[in-house]
Structures are given as C-alpha cells and as structure tokens.
Amino acid sequence: MMKVEKKKRYFDSSESVENCESQNDKVEVFNIKIDASKFKPDKQFIKNAKRPRGKSNFPGKAPVNEKKLEHHSRGEGLESANIKHPLYSARLKKKENKLIYAQEQAARSEILLTEEQGSIQTDKTISTSVITQNIIKDNIDIAAATKIFELNLDFGPYRAKYSRNGRHLLLGSQKGHLAAFDWVTKKLHCEINVMESIHDISWLHVETMIAAAQKEWLYIYDNNGIELHCVKKMDKILRMEFLPYHFLLAAVNEFGFMTWLDISIGEIAGHYNNRLGRTSVMTQNPYNATVCLGNSKGVVSIWSPTVKDPLAQILCHKTPLTAIAIDNKGMYMATSGVDRSMKIWDIRNLDGPVQDYRLRSSPVDLEFSQKDMLAVGLNNVVEVYENCCMQTAQRPYMRHKMAKSITNFKFCPYEDVLGIGTNKGFSSVIIPGSGEANFDALESNPFQTKKQRREAEVKALLEKIPAELITLNPFEITQVDVPSMKEQIEAKKNLLYLKPKKIDYTPRNKNKGKNNIARKKIIKYAARKEYIEQSVEAKKLLNIGTEQNAPKESYGVLDRFVSKSNKK
Amino acid sequence: MSNIKIKVISRNPEDYLRATKRDIHKLPRNYDPSLHPLEAPREYVRALNAVKLERVFAKPFIGNLDGHRDGVSSLAKHPSRLAVLASGAFDGEIRIWDLAVRKCTRNFVAHEGWVRSLCYTPKGDTFTSVGDDKTIKSWKAEVESPDDEEPINTLLSMSVVTGVTHHRIKPIFATCGEHCQLWENTRNEPVKVFKWGVDSLHHVSFNQVEDNLLASCASDRSIILYDCRESGPLRKVVMELRPNALAWNPMEAFIFTVANEDYNLYTFDVRKLNHPVNIHQDHTSAVIDVDYAPTGREFVSGSYDKTVRIFETLKGHSRDVYHTKRMQRLTCVKWSLDNKYILSGLMK
C-alpha cells in the first residue's frame, strides 16, 4: 500500500505560471524532406588528395610496362555509365580504383623477382632439338647437373609424380614397388613393396601422405610407409588426381565409377557412374578444378563432383584417346588419339581444334609445363614443344631418346626438370625454360621447413573450397544471381501444376452421431475449389486457354465420328 | 657446339633459407596470377571464414537481469556509479540493479500504470520517475532508513507526463507531456511551461554540455529545441514521420541524433537544421530509442525489429547488430558510461 500524501495542486491555484505560448510565431521551423539524394556514402578520409596539376620537376612514379599490366589484369573494369544511382556509381568507382591500384602494384613488384627463367641460346644454324642431355650437362653448373639422373629399378613399369612444391618424388610400379623421396637431396622417405599391383599414385596435400590405388582398394600411407587408411569405398581404381585447394582426391575406377574423396574429413563428396565404360585417361583442369576424362570413343568429358552429368563434352578424335593435358591457365587442352594425331583445343571455347598435329606414332602421355611447354611421349622418345598452342610448331624444342618405353612423365614444378617414369625405372632430364623460376612461398615453397609446412597445412584447411564450387567458370561465385526471363516464366508455369493441398481428414475429437463422410466431402470440396481458383488465376496470368475459343471444324452429320480429342 | 648458352633454374639454398635460427624465414612472393589459381572461390571461403570467426568470438550477450514481471519501459544510468542501474516497468514497478553481481538490490511499486521515464540527478543521490498516474516522484537512491523507501517529493501534474530529464548543474528538471514543463526541486509547480500547439511531447532531453539547451520529440512529427533561460521554444524541425527518441552527443554539443519511425536515425547539427548531417540506415522497423557512447564517436539504437544496432556517428550503416533468440521488441537502450557495455530493455 502506498501512503497517500497531501499533494499540492498548482493548477488549482490561480497563481499564473510563466506561459510561453505567445512567442511561438517567431520561432524558425525547419521542414525535413528525405529523398534518395540525401543519403550519402560513408565518409572516408581522402588519402591521396590531388595536387594541382602543372609542370613539375618531380613527375612521380615511373610508368608501368603495358604488357606487365596486362599480365596482372583481372579483366575489364566496370562501365560506370550504366549505373544510374550516383551513390552506387561513386562507390563502385572507388572499388574500381582499388583494383587498378592492386594491379599496378602487382606489376611493379615484378622487379623484385630474383631468379631468371631458363633458356637455350644457339646459333640460327643449330636447332635446339639436337641438344642432348649430355650437352646440357656440360654447359650448366654442377649443382644443376645433378638434376639429370636415372634410376634403374626392377619392378616393371613405373609411374612418377612430383609433390606440389616440386621437392618430392613419388614412384609406384605395376609390381607393387612404392617409393617416396626428396629428389633434390636424394634422401629416401620410404620404400615398400605393397605386394599388389599399383595402378596409380598421388601425393596428398602435404608430402607426409601418399595415396596408392592398388589392385583392390585405395590405400593411404604416410611418408614412412605406414598404412594410414584403406578406403574400401574406392575399389579397382585406375587413375587419380588430387585437387589441392578442395582437398579432394578424384578417382575413376574400372567400371566407370567416379569418386571424389574429401581427404580432410574422409567423406565422399561425389560418387557416381559416368556411363563411359573403362577409361584410363584422366587429368584435372587446374584453372577450375574440374576433372577431364577421355574415353575409347574419342570423347573428352568434363566432370564435377556434384553434377552427375558431364559439364561439357567434346568429340576430339574418332579413335580412342590416349592422353589429355591441360595447361596451367586453363586455356588450352591437348588431346591425342590412337590415330597418331594430336590436337590443341581452346578449352573455354570448344569449337574446332586450334592446332592439329600428325605424329610418328600415337603418344603415350601428354603434359604441359608451368611455362606452357608441351611434352609428348612417343614410345621411347619424349618430345617437348614450345609455343605449340597459338602457332603451329614446326619442330620440337627438345627431344630425349631412351632405350626404354615410357609410362608417364611429369614436369617438376618450379624446376626445369621433366621426370619420366619408364618400364625400367625413372629418369630425370633437364628441359631449360620449362619451369617457373620464382615461386610464391605462401602458395608452395620448395624450401619449406617442417614448421612452415604445418602452418601452411592449417591455413590451407581453413581455406578449403567446398566441392559445390567446382564449376566450369570459377568466377561464377563473384557474379550476382539474377533469375533469367526463362526461369521466371517457368516458375509461373509451375503454379498451374500445383497439387491440391493434402488435408488430414481425421478430426481431433470424434463427434458422436455426426456423419464424418459428409464433413470430409465439405472439406474436400473447399480444398478443390481453392485449387481451381488458384489455377484459374494462374491461367489468367499466362493467358492460356485461348485455343479453346478457336472455331472447330464441322463435318455436318459426320461430326459424331470425330474423336473427342479432335473435337476439342 | 661450342657456342651454346644454356641457362637452367638453379637456386642456391642459402638465398632461400634463413642464416641463423634467430633470423626470420624468407618468404619470396610472386604475384603472377597463374600461380594463384581459383582466386574467386578461395577469396569467397576466406571472406566467409572471417565473418564466421568474428561472430564466433564476439559473444556480445553477457547476461540478463531477471526480475521484472512485465516489460521494461525505461532505464536510467547512475551518473557516477557504473554498477547502478534503475529500471521501470510497464506495471509501475521500479527496480534498482547492481550490475556487477547482476542482482536486484531494491524494488518497489512507484506508479499506477507505466513508469514512463526515469532519470538520476547529477549528484546521483536521488532519482526522479514519472508515470501514467500524472505524478512526478523523487526517490532516494540509497536506502538507509525505512523512511527512505517513500518518495521524497511527489508532484502532481495537470496532464500525463511522459518524459523527464535533469539539468546538468542546476537543480532543474524538465518533463514533457502535453507541454514541456520546467520544474525546480524545491517548488511544487512548474517554473516554466513551453507550449506549442495542441500536440503532445513524448521525449525530452537536456544537452549535457551546453546545459541550458533541451530538445523534445513531439507527436506532430517534430523536434522542438528550447533554451531553459528563454521563455519560448528556439527551433522546430518537422520530420516526415514521428521521431521516437533523441540523444545529444556528449562530446559535440551541437550534434544530436533522432530515432525515427521511418526505420532510420537522423543526426542533426543545431547550427544547420535544414537537412540532417547524416542518415543512419539498417533497421528494418521503427527505431524506438537511441543513446550515445560517452566518447561521442558511436551510438546504440534499439528498434521494433528486435535488434540492437551500433552505429558510428560518421557512417551511414551500422557497425554491428545484436540479436538473440529470445529477444523481444526493444523499448530502451543505454550505453554504459565506461564505454564497455550496452544495456537494453525489452517488452515482454
């Protein structure tokens, strides 16, 4: 209870309080109308205020080479004329300026690159293709000359793969020999015989993990040769590719089943049959992380884990395919068939080959280097072509002949080295100018320490791209998703084929003596009525039903024989 | 074959490895786009992670003060004690809280109907509350004897009082309702009454720097500025929709921000009232209350869309938004005087 107090009421008394109403006429009144132009972009401090222009003794920074700028360009800028609202136009202009600035800075920073690319300089009279490995060995420094070496091994045809930083080499043989080593220092990590045939091998995201596709299942080993996993979901695998940014191990098996294994969580990201039959020609497109398969009918198909049909298909040869290779920028694809031809395709625009070569025999393998040299393996000869995509190369840049037949070869990243897996072992040859001289240590670092590797692994895992983002155009994610006219009309059409709502007819309380059937009918009738109303409205929207008004053809007495559907 | 020059990549490890263990690792960079494939998806994942991590580690919600049986209608900060908070509810109850231990130290029914508004005196020894029962009551902030539970002073107003605010230095406070009235603590009748038309006022606020200036929000969509030394209103700003609340910038005396019914907040400069200095968008429903941070660089707003947003005074969009699952419509927000916490009162 609140105590009731004695309260004084000022308004009861006649005493006047100072009243201010009379002065209101003089007061300024501001009327605020808000329109779009009143909204303004967030204030930011102007960093580089423009100085008055004129001739000065200090012209500023040196201009950047146009070609270098072009190299670092991410495409054309935005046309600000199309943007109607001044606010957005200003905002986008500001963003555009930042992009231009970044491009310029990237181009300028090229001056800081320390290493020089490899090359061969000869007289005009001598073709570079006659230069053998012995000549190269005599003309280069001793440290580089150790990169030419040969391993004679006994366990049948070998496949070789380099790790992503180009420091480690993995060998797997048909007869079960599996070896991993640092090929620069020649330090062996492990060497085991799995006592089964090995069909393909692959490094995983770090050099401590190896995947081997054995006779039955896929096995994962660490760099000491200890078996970590046996993935029984992936059986009889023929070829594997590792997608480093997605942490996916893509594989195709004998029966045409394609599997994408997410090796970071051990789950299968995609698994389906490609309905192409047995295919042992597989490669990945590093530009968009799709997987390319070549089948025995000469068709190259491009696959992603989430779509069960090929993203694109192209008939490249009329004979079975023997090899496919895609260059680093995802611009050109080289294919070869049993018909001894090799074609270069523009992979983003799949009509007609850019180049068509005839070779002496059908290639065993194809491979692009980081600097877009193409290695072609013909039985026991490896030919390397330079600049063969844009123009027709007349003769190979280099040739290397061996007394053994080739199974596969890989260019070593960030080195001028081509590693060739043969039926009698492995040989490493030098191809000057094939590798990228300057590596980016935050991307892949050949001189990585253990600690750096661990740190990079964590960062890479944080930046793992989900498998759903594998599409033909990797920049699709940056675009605005606007439904097309077609999709809008489809959505409207779907309205027509709405199913009437499902209604739960069982009442909550059983009513004694009342006929349920009648109630059900009423509910049903109401629901149907609603559905009909909806569809009528939808039809109105689409203007369907005009054909019903068309005059029907009359046959007089014979009308009765006209079938009902025609009559309509 | 003598005139052949062959150049091969041959890196000297010494150029790439650190010289001593104390040295930092060498990280040569190359910005060639072909060495950085899948730029767009990687950048997308990075951006997504950054946002997620920021949210994961933010955890802005500290706790709730449990006790009111009805929604909280008004809040008042103690001017000198950080841990003290007064809150009034829709059922007429006032509670005093100790924020450090998050407990209610005192509660009593103050008014019949809503507690419309609360405010502490500058010294912090008493506080004033106004309610729907047309009374203005002053209470002791600290209870030492049972007598202190009763109001020190009760004033009766002629009409409903909806807001109260205290002068920074003088023992004067202003209330609003039908008119804006100025009261002196010792007198039982208003010192001054400011009138403008027939429309009522629902919020009033003293400027804490230029301490004779006060502003009020009227239901005819206008903001009226007064000087308590003058006898009449100074300026009037008519908006397109009703302003709900108003807060003065504690550092820049000429700036105030208005929480508006049209989902926006407007910052005005007293010297140039023709158009707002800035418009703060982002709320998706009417903005109910606004309060400045003691630094004057940021302010917090509470809205009918069940979110609390923090704006920087110079920016048009909010820096942060707070919303929890159990959150209801906001009635009042306060920014604590140590610039660390945000207090919000919700409907029930």
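These are my notebook entries on a predicted model with chains A and B.

**Entry 1: overall form of chain B**

I began with the secondary structure of chain B, which comes to two helices and 27 strands. I then looked up the radius of gyration, and for chain B I found 27 Å, whereas a compact globule of 348 residues would have a value near 20 Å. The extents of the C-alpha trace along the principal axes of chain B are about 115 × 50 × 35 Å, and I noted them beside the radius of gyration.

**Entry 2: burial, contacts and charge in chain B**

I looked up burial next, and of the 348 residues in chain B, 53% are buried. For the contacts of chain B I took the pairs at least 6 apart in sequence, and 41% of these join residues at least 24 apart. The accessible surface of chain B is about 16100 Å², and carbon and sulfur atoms hold 50% of that area. When I turned to the charged side chains of chain B, I found 48 positive and 44 negative ones, with the centres of the two sets 8 Å apart.

**Entry 3: chain A in outline**

I went through chain A under similar headings. Its secondary structure has eight helices and 31 strands, and 42% of its 568 residues are buried. Of the contacts in chain A with a separation of 6 or more, 46% are between residues 24 or more positions apart. The accessible surface of chain A is about 34600 Å², and the share of carbon and sulfur atoms is 52%.

**Entry 4: helix α2 of chain B**

I wanted to know what span the 20 residues of helix α2 of chain B should have. At 1.5 Å a residue, helix α2 (residues 39-58) of chain B should span 28 Å, and its end C-alpha atoms lie 28 Å apart, so the expected span and the model agree. I then asked which residues of α2(B) are buried. They are Ala40(B), Pro41(B), Arg42(B), Val45(B) and Asn49(B). As background I wrote down that an α-helix has 3.6 residues a turn, so residues three or four places apart point the same way. Following the buried residues of α2(B) outward, I found that they pack against α5 (450-462) of chain A.

**Entry 5: positive phi at Lys59(B) and Arg221(B)**

Just after α2(B) comes Lys59(B), with a positive phi near 45°, and this residue is not a glycine. Lys59(B) sits in the loop between α2 and β2 (72-77) of chain B. Is Lys59(B) buried or exposed? Its relative accessibility is 68%, and because the cut-off for exposed is over 50%, Lys59(B) counts as exposed.

I noted a positive phi of about 70° at Arg221(B) too, again in a residue that is not a glycine. Arg221(B) belongs to the loop between β15 (213-218) and β16 (222-227) of chain B. With a relative accessibility of 37%, Arg221(B) counts as partly exposed.

**Entry 6: Phe30(A) and its contacts**

My last entry concerns Phe30(A), which lies in strand β2 (residues 28-31) of chain A. The relative accessible area of Phe30(A) is 11%, and since buried means under 20%, Phe30(A) is buried. Which residues are in contact with Phe30(A), leaving aside its neighbours within four places in sequence? I found Arg235(B), Lys236(B), Val237(B), Val238(B), Leu273(B) and Asn274(B).

Terms used
Residues numbered from 1 in each chain as written. Chains lettered and ligands numbered in written order. Predicted model: local features only at pLDDT ≥ 70, side-chain atom pairs only at ≥ 80, totals over all residues. Heavy atoms only, no water. Helix = DSSP H or I, 4+ residues; strand = E, 2+ residues; numbered from the N terminus. Rg over C-alpha atoms; globule rule 2.2 N^0.38 Å. Buried < 20%, exposed > 50% of the residue type's maximum accessible area, 1.4 Å probe, protein only. Contact = heavy atoms within 4.5 Å. Areas by Shrake-Rupley, 256 points an atom, 1.4 Å probe, with all protein chains shown as cover. Lys, Arg positive; Asp, Glu negative; His and termini not counted. Charge placed at Lys NZ, Arg CZ, Asp CG, Glu CD. Expected span 1.5 Å × (residues − 1).
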